[in-house]
Amino acid sequence: MADLRHILGGSWSPPPAPVLAPPEQQLADAMRDAGLEPPDTIHLDGKIHRFRSGTKGSPGHGDKPGWYIAFSDGIPAGRFGCWRAGMESTWRAEVGRQLNQADEMAFARRMSEAKAARDLEQARKHEVAADVVDTIWSDCISASVDHPYLRRKGIAPHGARVTGDGRLVVPLYDQDGTLASLQYIDSEGGKLYHPGGQTGGKFWVLGSMDEPGSIYVAEGFATAATIHQVTSRPVVVAYSASNLVPVAGTLRHLHPTCDLVIVADHDKSGVGQRYAEQACAKFGARMVMPPVLGDVNDYAQAGNDLTALLIQQTGTAVFDKLKVVFGDQLSAEYEAPNELVEGLMTIGSSVVVYGDSNSGKTFWALSVATAIATGTLCYGRKTDPGLVIYLATEAPASIRSRMQAIKKYHNCNLENLAMVPVPINFYTGDQDAYDVIELVRSIEQMKGQPVRLIIGDTLARMSAGANENSGEDMGPVMARFDQVATATKAALMMIHHNGKDAAKGARGWSGIRAHIDTEIEVIEKDGIRMVNVTKQRELPSKGETIYFKLEVVEMGVSKFGNQATTCVAIQDDESTNNKPNKKPSKYDENVRMVERAWWASGTEERKGLPYLSRAGLRDLLIKDGVAERTARNKMDASRPDGIISPLLNAGTLESCDGGWVFVNEVQASVMLMQKNEPTQCP
């Protein structure tokens, strides 16, 4: 046997076995973790037991709403829950070893037995509860508008009642109108169901369904009452997010052609939205949700226009909502794009600035931000001055020092450039987008001028957790950028990275490029830095180049006594003069296009040369927004104004196997070298 003492530092011995609590104690701990107060004594005898559970009871009923059933043979296991709290959980004891197939089968059998016992007991309790809630509901008096909960929520009783101790009572009915349970609401909004009453799929309708029109479904009573008061339409109280799906199913069965509207609560967890979306997808409903956290009662009480949120626009009203313009209504006078930076970007547009690491893209973006914030020229281009917000999600300390360098170099105070040093994530939910919108409004109110530009650094950090190559993940991220742009009217600039192969452009989902208005590539080559406008939707600057350089700024002395420096981006006059800012030739554009198509279509080879198929070029052209017919014309070798003919005539390409091979020796060698070299993601 090998001697491992020189590696392990002594003789090896197995780690001590973990000390496990008795199964009864483990079950009690599981109950506590679920928010229940366990009984003093626990029996693992396969029988159902009830206990107080520690939840606040309804008046005079339900002394023991908690229940459990557990087995001791084999692996101790069972179920427990609380009828009052409406929760249930399975439990299995830790035994200090990996479970085998026989253990798993025994556990499944025990869970089935426990469920059957639970169901039997629950059916018995449902019968008892149905009689009890009938009596309680009959004995309750009608609620007054002065009830503290109703007054706080700003709603009328709508048929709610009050118990003897002052709690509000609202009913849960079956589809056939049978009273199944009650919900008790105290003055502070605390809610409890009657112990043993059925809640799944049960509901209450505010208003009448006799008249055709929209039927709304809401989670809670206050939300439903608010909607009913605003719309005068019937509103169904589902009582919980998880109940939205079965209740929507019942309503769709009863009213197959109605306009069914699910009104979701906007909670941080996203639970309300998730169940509402399920109900909509399954039963052909549409969803409404407040644009800010909270339910629609919160939204209305905050002074917002709930009617506009809830009512589906119809007839001519939808023309106004969608701002429809017919051709004969257009003025003959040309309306120029609302430029933010002359010839480069417009107000309210979306811009992606991408490049390799250390190419200088962040320095350049900050120089643009400075020009807008100070109302000065931006690389010789006029600017529309205003406030700028820099979302420094990736490296806030670096952005802070670079802003200090700009202040020092340009002798300005940057009072109109604000930095946000906390992480912002547009993938995990809507909240950060709402925070940015609210920040814009607050800063505009404080400074008395509009925010013109918001910079997100970087797109990858602002979508952390998302798969950059997935439209399913990145689609919502881009939608939240749109949401911010629409609400603020500011231009959005996203700092992004190259892919592994620079010729393929920015990394990630192809829909990002299709989504944006302007794309700018930052390049550093042979000591020369430049930005190339690679996409431009509204302005004529596609293909233009701006040269810049990094000027070193001494900031002070570091902790260890060294000179601390950073840089600012300024115009590179020498490169600009030597290489005028003009569009590349048509030949250069065609070469770049076929190179991109080769990378995008899988870097095929024929006869040891890079090979591009017709399908590969067509797919890239269509991806870039070219119509199918136009793409065919561009690939037609007989058309001198196309892409292929000039490259064939110049000896750059040759026809091969229905496509083309790159026969220019230098170009082909570089392409194959880049393909075969190992690359690192920036």
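The largest nonpolar core (buried Ala, Val, Leu, Ile, Met, Phe, Trp, Tyr and Cys residues joined through side-chain atoms within 4.5 Å) holds 44 residues, and Trp364, Ile455 and Met493 have the most contacts inside it. Helix H11, residues 361-374, gives the most to this core, with 9 residues. Here, helices are DSSP runs of H or I with at least four residues, and strands are runs of E with at least two, numbered from the N terminus. A second, separate core has 30 residues, including Ile155, Leu168, Ala224 and Val288.

This is a predicted model, where local features need pLDDT of at least 70 and side-chain atom pairs count only at pLDDT 80 or more, while totals for chains, interfaces and linings use all residues. Residues are numbered from 1 along each chain as its sequence is written, and side-chain values use heavy atoms, leaving out hydrogens and water.

Back to tryptophan 364: setting aside neighbours within four places in sequence, its contacts (heavy atoms within 4.5 Å) include Leu344, Tyr379, Met493 and Phe548. Across the protein, buried residues (under 20% relative accessible area, with a 1.4 Å probe and protein chains only) make up 45% of the 682 residues.

The protein has 21 helices and 29 strands. Four of the strands make an open sheet in the order S26-S27-S29-S28, with antiparallel pairing; two strands pair if DSSP finds at least two bridges between them. Strands S26 (604-606) and S28 (653-656) are the edges, each pairing on one side only. Inside the sheet, 2 bridges join S27 (residues 609-612) to S29 (residues 659-662), and leucine 612 stands opposite tryptophan 660 in S29.

Notes: Buried < 20%, exposed > 50% of the residue type's maximum accessible area, 1.4 Å probe, protein only.
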